[in-house]
Amino acid sequence: MKRIAVLTSGGDAPGMNAAVRAVVRACAFYNLECFIIYKGYQGLIENSIDKANARRVNNIINKGGTILKSARSSDFRTSSGRKKAYNNLTKNKIKSLVVIGGDGSFNGARIFQKEFNFPVIGIPGTIDNDISGTQYTIGYDTAINTVIQVIDKIRDTAISHNRLFFIEVMGRDAGHIALHSGIGAGAEEILIPEEDRGLKKLLNSLKKSEKTGKASSIVVVAEGDKTGKNVFELASYVEKNLPDYEVRVSVLGHMQRGGAPTCFDRVLASRMGVFAVESLIAGKSSVMVGIENNQLKLTPLENVTKIKSATNKDLLRLTDILSI
Ligand code: ADP
């Protein structure tokens, strides 16, 4: 009987548990033995491995984070660390590995697969939605919904005091979270890593908002926005240039990673988890599961890279129109 192991690695994301559940249950359905590995690649090196049956994953589809724990493993970046990981897999007679994580985890998976010719399949789990080969990653939908709920609350207090809020959201390299949550929450301006539209434009837009009688303004800023200023520097820049504005800053931070996954993420994770197991059964390896136009698909791990949003320009144009 084939033995499959599953782990979660890198930054955690809501919906990872739903994916773990789907992998474990699909294994049970197809009469495969399933093993769960704790703490990502580090757990693999430390032989932190348990056998899991279908009941082991009861009541986790609705839970944020990952019950398997996630970790960043510097040992796995060394060949001696990866050798230990390989030895533990063979010791447990595990024949293939499902890695749920982001692009960093897939880099590790690709290297490991090449070194030991060990079958690996990836499932994209990251709130950043910045991986090629899939339109959506698990956790992204939950994160943007968390962000709009928080911005809605901040908007209430902003309106009551005629304030301008700069809200920093996650996204060091990609502006997906900022763009989508910004449009969803009706932000006046959105600053992202992919495009610098200039501080002058920001000032002009805020001046216009003031003139047209807006009671509040919200500027959503991705962590890695391209203006070269962080959210606090941006706020003091605007305060200096537009002294009439009362400016406040809110950094959302790790709350964006947590919480119960949305229905979208639960369904996506369930589909991807089952597809991963079925793909391994069909003999596929060194691929990542993705979704495009609602169809599941596989992309070779070596073609999977970190990507930026292709829809930036269009969504930024939308903000300009809607924030009038
Ligand atoms: P994410 O998967 O969320 O992008 P990381 O970039 O932290 O997160 O990667 C997760 C883990 O994957 C790392 O801690 C490391 O163990 C492994 N990894 C990443 N890149 C490599 C690499 N080039 N070689 C070996 N392992 C890697």
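How many salt bridges does the structure hold? The structure, a predicted model, holds 17 salt bridges. The close-up views below begin with several of these pairs and then turn to the sheets, a helix and a surface patch.

**View 1. E188 and R155 meet in a salt bridge.** The side chains of E188 and R155 approach to 3.4 Å, N to O. E188 belongs to the loop between helix 6 (176-184) and strand 7 (189-191), whereas R155 is part of helix 5 (residues 140-161), so the pair ties together parts that are 33 residues apart in sequence. E188 is buried, at 4% relative accessibility. R155 is buried as well, with a relative accessible area of 16%; both values satisfy the criterion for burial, which is under 20%.

**View 2. E188 also forms a salt bridge with K214.** The closest N and O atoms of E188 and K214 are 3.0 Å apart. K214 is located in the loop between helix 7 (199-211) and strand 8 (217-222), and E188 in the loop between helix 6 and strand 7, so this pair ties together parts that are 26 residues apart in sequence. K214 is partly exposed, at 26% relative accessibility, whereas E188 is buried at 4%. Side chains of opposite charge can pair when their charged atoms come close.

**View 3. R248 and E246 form a salt bridge.** In this pair the closest N and O atoms are separated by 3.0 Å. R248 is partly exposed, with a relative accessible area of 32%. E246 is likewise partly exposed, at 32% relative accessibility. Elsewhere, D103, D130, D173 and K306 are joined into one network by salt bridges that share partners.

**View 4. Helix 6 carries a set of buried residues.** H176, I177, A178, L179, S181 and G182 are the buried residues in helix 6. The elements against which the buried residues of this helix pack are helix 5, strand 6 (163-169), strand 7, strand 8 and helix 10 (312-322). After helix 6 comes G186, with a positive phi near 70 degrees.

**View 5. Strand 8 is mostly covered.** Six of the six residues of strand 8 are buried. In a regular strand the side chains alternate between the two faces of the sheet. In strand 8, S217, V219 and V221 point one way, while I218, V220 and A222 point the other way, and all are buried. Strand 8 pairs with strand 6 in the parallel sense over six bridges; within strand 8, I218 is the bridge partner of F165. Strand 7 also pairs with strand 8 in the parallel sense, here over three bridges, and V220 in strand 8 is the bridge partner of I190.

**View 6. Seven strands form an open sheet with mixed pairing.** The strand order is 3-2-1-4-5-10-11. Strand 3 (49-52) and strand 11 (295-300) stand at the edges, each with a single partner strand, so one side of each has no neighbour in the sheet. From one strand to the next, the twist averages 30 degrees. At the edge formed by strand 3, strand 2 (residues 33-37) and strand 3 pair in the antiparallel sense over four bridges. F35 stands opposite K51 in strand 3.

**View 7. Strand 10 and strand 11 form a hairpin.** Strand 10 (residues 287-292) and strand 11 run antiparallel and are joined by six bridges. E292 has Q295 as its bridge partner in strand 11. Two residues lie between the strands of the hairpin, and N293 in the turn has a positive phi of about 50 degrees. Strand 11 is one of the edge strands of the open sheet.

**View 8. F29, Y30 and I281 form a nonpolar patch on the surface.** Together these residues have about 320 Å² of accessible area. F29 is found in helix 1 (residues 16-29). F29 is exposed, with a relative accessible area of 65%, in contrast to E188, which is buried at 4% relative accessibility.

Technical notes. Residues numbered from 1 in each chain as written. Predicted model: local features only at pLDDT ≥ 70, side-chain atom pairs only at ≥ 80, totals over all residues. Heavy atoms only, no water. Salt bridge = Lys/Arg side-chain N within 4 Å of Asp/Glu carboxyl O. Buried < 20%, exposed > 50% of the residue type's maximum accessible area, 1.4 Å probe, protein only. Patch = residues over 30% accessible without salt bridge, like charges linked within 9 Å, V, L, I, M, F, W, Y side chains within 5 Å. Areas by Shrake-Rupley, 256 points an atom, 1.4 Å probe, with all protein chains shown as cover. Pairing = 2+ DSSP bridges. Axes fitted to C-alpha atoms, helices over the stretch in contact; angles between N-to-C directions. Contact = heavy atoms within 4.5 Å.
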